[in-house]
Amino acid sequence: MGYSDKVRKMYQEQIKGIQDAGIFKQERLIHSSQAADIEVEYPAGSSLKKVINMCANNYLGLSSHPEVVKAAHEGLDSRGYGMSSVRFICGTQDIHNDLEKKVTEFLGTEDTILFPSCMDANAGVFEAILTDEDVMISDRLVHASIIDGIRLCSAMHDTFKHSNMKHLEKKLILHADKRLKVVITDGVFSMDGDTAKLYEMVELCDKYDAMIFVDDSHSTGFIGKTGRGTHEHCGVFGKIDIITTTFGKALGGASGGCVSGRKELVEMCRQKARPYLFSNTMAPVIVAGVLKVLDILSGSTERRDKLEANTEYWRKGLTEAGFVLQPGDTPIVPVMLFNAKLSQDFSKDLYDEGIYAIGFFFPVVPNGKARIRTQISAGHEIHHLDKALEAFIKVGKKYDILGKTKQEIIEKYGL
Amino acid sequence: MEEMKDAILEYVIEEYVEDEDEVMTYDTPLISGGIVDSFSMVSLKRFLEAKYKISIPDEKASPEAFDTVNKIVELVKEFIG
Ligand SMILES: Cc1ncc(COP(=O)(O)O)c(C=O)c1O
């Protein structure tokens with residue numbers, strides 16, 4: 001018995017420590033498909049409650065779109081359920097190839113390689129293209145999956161202050177002696193909803209001879225005039241050396257990710273990236289769904305336009321009601337509460353009002369920057385947003401934070 | 001000693017502090033206080049090694065040992081010998 005009582009006890013204590021710290025994560029069961037209106041069982045065992053979902057990454061409302069579901073059914077019928085192989089043995093179908101071409105076209109890059117997830121793309125890409133002669137210089141707020149990828153790579157790494165171009169330039173100068181330099185950032189940062197300064201970053205990379213990497217998971221499909229991503233929005237379309245993105249958020253929300261960019265870098269991933277070599281790629285049914293999503297988005301900007309209008313409406317409503325928001329113009333709209341317990345209580349009261357939105361606090365966001373992160377979708381109608389706004393105002397009044405500044409809220413509730 | 005403290009504090013402020021109004025002392029918790037995340041600690045370690053011509057083994061460069069300027073000074077002294 002390797003799993004002795006002593007070992008079991010050790011883990012039980014660790015779990016208790018997580019509970020005591022107030023950071024124990026619990027899932028809420030959704031009994032419907034993903035959409036603006038969902039049916040949730042929470043707390044576990046209670047009867048189902050109809051709520052409005054304000055915290056999905058379903059930015060374009062495509063997760064349960066009838067055309068996408070239909071295309072997935074057709075994919076299932078024509079290409080089967082699974083591949084039972086990694087890509088390079090016998091796990092590649094024509095539609096995998098089609099999707100890589102379509103993504104390349106959509107993102108305006110040279111080539112694309114699919115991964116089981118964007119987490120895998122980020123975990124595999126750096127090790128595949130860099131060695132210990134190189135350096136990775138990353139924004140301090142990049143996503144956890146990028147941090148894992150950096151850890152797996154033998155190149156030196158360094159960080160720069162969030163979106164601070166002066167600090168980035170310093171680091172580029174400091175590491176001038178390295179063979180290759182890669183500057184690494186998220187396109188849209190998932191916790192604050194702010195956009196990377198890609199125009200300035202591309203300029204700096206040109207000046208100091210560095211490559212640039214952007215994770216556009218929270219942008220692809222809706223940021224930029226035709227929804228291509230932050231590179232379109234910032235006027236540097238075609239100038240990003242490596243883009244990673246996910247199919248698990250706006251693009252249908254199932255799963256899968258990719259590395260897209262310079263064709264030699266993509267080829268290196270095909271030869272060397274471990275999550276690509278040693279794990280099955282996206283299932284055919286999902287590939288068929290994403291192909292349809294890209295079809296829809298290439299044909300019309302209607303959904304991203306609606307998302308933009310919804311976002312404006314939501315931000316304006318919250319601002320006029322007197323909430324403190326994190327500034328920005330993406331569909332990630334954080335309502336700042338600063339105090340961790342307040343964010344949890346606020347979220348719970350919202351749920352009682354039929355609004356599903358989660359409180360985030362340390363260590364997910366910095367200490368003293370607790371918030372409710374709301375995420376807007378093209379699947380929301382104005383009546384959803386109005387109802388959510390009404391609930392936010394009611395709960396905001398209860399805690400007396402409307403019209404209060406950051407300092408006043410902190411004085412009232414502490415950090 | 002004082003000189004080393006000030007040099008390290010100055011580096012920490014320059015390298016990590018975002019909010020210019022933040023009051024920083026030799027005992028401000030850097031890592032447990034969320035000012036330096038353990039991932040970004042690398043540049044601090046590299047700074048110390050270059051400036052004081054030492055080599056700090058990874059197992060000694062724990063988040064606890066790097067948590068305040070005072071503790072960092074202790075650590076560096078250990079290696080300067
Ligand atoms: C910026 C960013 N990159 C990557 C991922 C991972 O995406 P996937 O679900 O495809 O692994 C996420 C998801 O949380 C993300 O927010």
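Student: How many salt bridges does a search of the whole structure find?

Tutor: Over all chains, the search finds 33 salt bridges. Keep in mind that this is a predicted model.

Student: What makes the pairing of R270(A) with E100(A) a salt bridge?

Tutor: Compare the value with the cut-off. The closest N and O atoms of R270(A) and E100(A) are 3.3 Å apart. A side-chain nitrogen of Arg within 4 Å of a carboxyl oxygen of Glu qualifies, so the pair earns the name. The pair also links distant parts of the chain: R270(A) belongs to helix α10 (residues 263–272) of chain A and E100(A) to helix α4 (residues 94–107) of chain A, 170 residues apart.

Student: On to the ligand. Which residues come nearest to the ligand?

Tutor: The ligand has 13 residues around it, and C118(A), D215(A), H218(A), T246(A) and K249(A) come nearest. Helix α5 (residues 118–129) of chain A gives the most to this shell, with 3 residues. By type, the shell divides into 8 polar, 3 charged and 2 nonpolar residues.

Student: Why is the approach of H218(A) to an oxygen atom of the ligand called a polar contact?

Tutor: A polar side-chain atom of H218(A) lies 2.7 Å from an oxygen atom of the ligand. The limit for such a pair of N or O atoms is 3.5 Å, so H218(A) passes. M119(A) passes too: one of its backbone N or O atoms lies 2.9 Å from a ligand oxygen. For S117(A), the distance from a side-chain N or O atom to a ligand oxygen is 3.5 Å. As for cover, the ligand taken alone exposes 400 Å², and the protein buries 80% of that.

Student: What is the rank of the pocket whose space the ligand takes?

Tutor: The ligand takes the space of the second largest pocket.

Student: What makes the backbone at D209(A) worth a remark?

Tutor: D209(A) has a positive phi of about 65° although it is not a glycine. Most residues other than glycine have a negative phi. You will find D209(A) in the loop between α8 (198–208) and β8 (211–215) of chain A.

Student: Which kind of peptide bond, cis or trans, joins Y42(A) to P43(A)?

Tutor: That bond is cis, with omega near -5°. In general, most peptide bonds are trans. P43(A) sits in the loop between β2 (37–41) and β3 (49–53) of chain A. The bond from F362(A) to P363(A) is also cis, with omega near 10°, and P363(A) lies in the loop between β13 (358–360) and β14 (370–375) of chain A.

Conventions:
Residues numbered from 1 in each chain as written. Chains lettered and ligands numbered in written order. Predicted model: local features only at pLDDT ≥ 70, side-chain atom pairs only at ≥ 80, totals over all residues. Heavy atoms only, no water. Near = heavy atom within 4 Å. Polar contact = N/O pair within 3.5 Å; in protein donor to acceptor, adjacent residues only side chain to side chain. Areas by Shrake-Rupley, 256 points an atom, 1.4 Å probe, with all protein chains shown as cover. 1 Å grid on protein atoms, 1.4 Å probe; cavity = no way out; pocket = protein on both sides within 12 Å on 5 of 7 lines; lining within 4 Å. Sits in = over half its atoms within 2 Å of the grid points. Helix = DSSP H or I, 4+ residues; strand = E, 2+ residues; numbered from the N terminus. Nonpolar A, V, L, I, M, F, W, Y, C, P; charged D, E, K, R; others polar.
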